[in-house]
Amino acid sequence: HNLNPLSIGNKPQNRNMTDSQHSYHVAIELNNCGVLMMQLDCIEDAAKVFSQAIEAMMEAINLSQSHGIYPRIVELGPLTRDKRIAEAIMKLDECYSAKVASSGSSSQFQASPRPSDTTFMYRSPVRLAPPKVLENPAESTDKSFIILYNLAIAHHLIGLKKSSTNTLEKALNLYGMAQDLLISGQGSFPAASPLIARVVMAILNNMGHIHYELGRYEEATTFVNELSRTMFSLGADYMEEGELDDFLLTVMFMSEPPVAAAA
């Protein structure tokens, strides 16, 4: 993967972009910066950037709705001139340099050891494609859903790393918010898109994982059962190679509480 941060956010904007579209582009670029930070193990920095992406998306939606048929045209130049993007790229550059220094080569990154308590967690954030021309932010529920999901993953990982119940509860709330947003925007859960369907299953998986880690085994079983039903109703066509096995492993492991060690 090309993790060079200089490839992020440098595409010039359309000169006829509205202010809502500008904020929309900023939200997507911030999300993608956050995804690269996650890949570089800068999880707390990623969480901050995902939060900024949510704020930019809300800004885009509010501007779009307030202007109606008379949008305000802005000429702001490349997205890198936006302060939020510039700061995210600077932080990403620091993460990238630290990763290169620890790996000894920019072409041979070594993945950090995977903590044992994330074995049954789906931890892959999602990058977003650039917006289509004249795409309306107010009608792009799926992108807001993805950013919320990415933010939830970041808090999930931070909570596990710090053994913080409060942070895990926050991740649980964010996963739930993503669920509610998708249902309110598309009227279905999961949606027909393979990507959205996989994220739906990842959310069910991860909500079950948090409950399991917090010792709430009945709640964990509820989410695992829902994951199982969703998984088998959709079929393997909605999943990438290896994902079905990962979800099946979760269903098998978290269906029962851990056995207490013998005295």
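Colleague: What makes you say that helix H6 is largely enclosed by the rest of the structure?

Modeller: In this predicted model, 17 of the 20 residues of H6 are buried, so the helix is largely enclosed by the rest of the structure. The word buried is applied here under 20% relative accessible area.

Colleague: How do you know that the span of H6 is close to the expected one?

Modeller: Helix H6 runs over residues 194-213 and reaches 28 Å from its first C-alpha to its last, and the value expected at 1.5 Å a residue is 28 Å, so the span is close to expectation. Just beyond the helix, H6 is followed by Gly215, whose phi is positive, near 80 degrees.

Colleague: Why is the set of 63 residues called a nonpolar core, and which of its residues have the most contacts inside it?

Modeller: The name applies because its members are buried residues of the nonpolar kinds, joined through side-chain atoms within 4.5 Å. The largest such core has 63 residues, and those with the most contacts inside it are Leu30, Met38, Phe145, Tyr149, Tyr175 and Ile203. Two or more residues each are given to this core by H1 (19-39), H2 (43-67), H3 (83-103), H4 (141-162), H5 (165-186), H6 and H7 (217-234), and the largest share, 12 residues, comes from H4.

Colleague: With which residues is Phe145 in contact, leaving aside its neighbours within four places in sequence?

Modeller: Phe145 is in contact with Ala178, Gln179, Leu181, Leu182, Ile196, Val199, Val200 and Ile203.

Colleague: Why is Asp41 called partly exposed, whereas Ser163 counts as exposed?

Modeller: Asp41 has a relative accessible area of 33%, which falls between the limits of 20% and 50%, so Asp41 is partly exposed. Ser163, at 68% relative accessibility, is over 50% and therefore counts as exposed. Asp41 is found in the loop between H1 and H2, and Ser163 in the loop between H4 and H5.

Colleague: What is the phi of Asp41, and what is that of Ser163?

Modeller: Asp41 has a positive phi of about 65 degrees although it is not a glycine, and the phi of Ser163, likewise a residue other than glycine, is positive and near 50 degrees.

Colleague: How do you know which exposure class Glu87 belongs to?

Modeller: Glu87, which lies in helix H3, has 42% relative accessibility, a value between 20% and 50%, so Glu87 counts as partly exposed. Glu87 and Val49 are 38 residues apart in sequence, and their C-alpha atoms are 9.4 Å apart in space.

How values were computed. Residues numbered from 1 in each chain as written. Predicted model: local features only at pLDDT ≥ 70, side-chain atom pairs only at ≥ 80, totals over all residues. Heavy atoms only, no water. Helix = DSSP H or I, 4+ residues; strand = E, 2+ residues; numbered from the N terminus. Buried < 20%, exposed > 50% of the residue type's maximum accessible area, 1.4 Å probe, protein only. Contact = heavy atoms within 4.5 Å.
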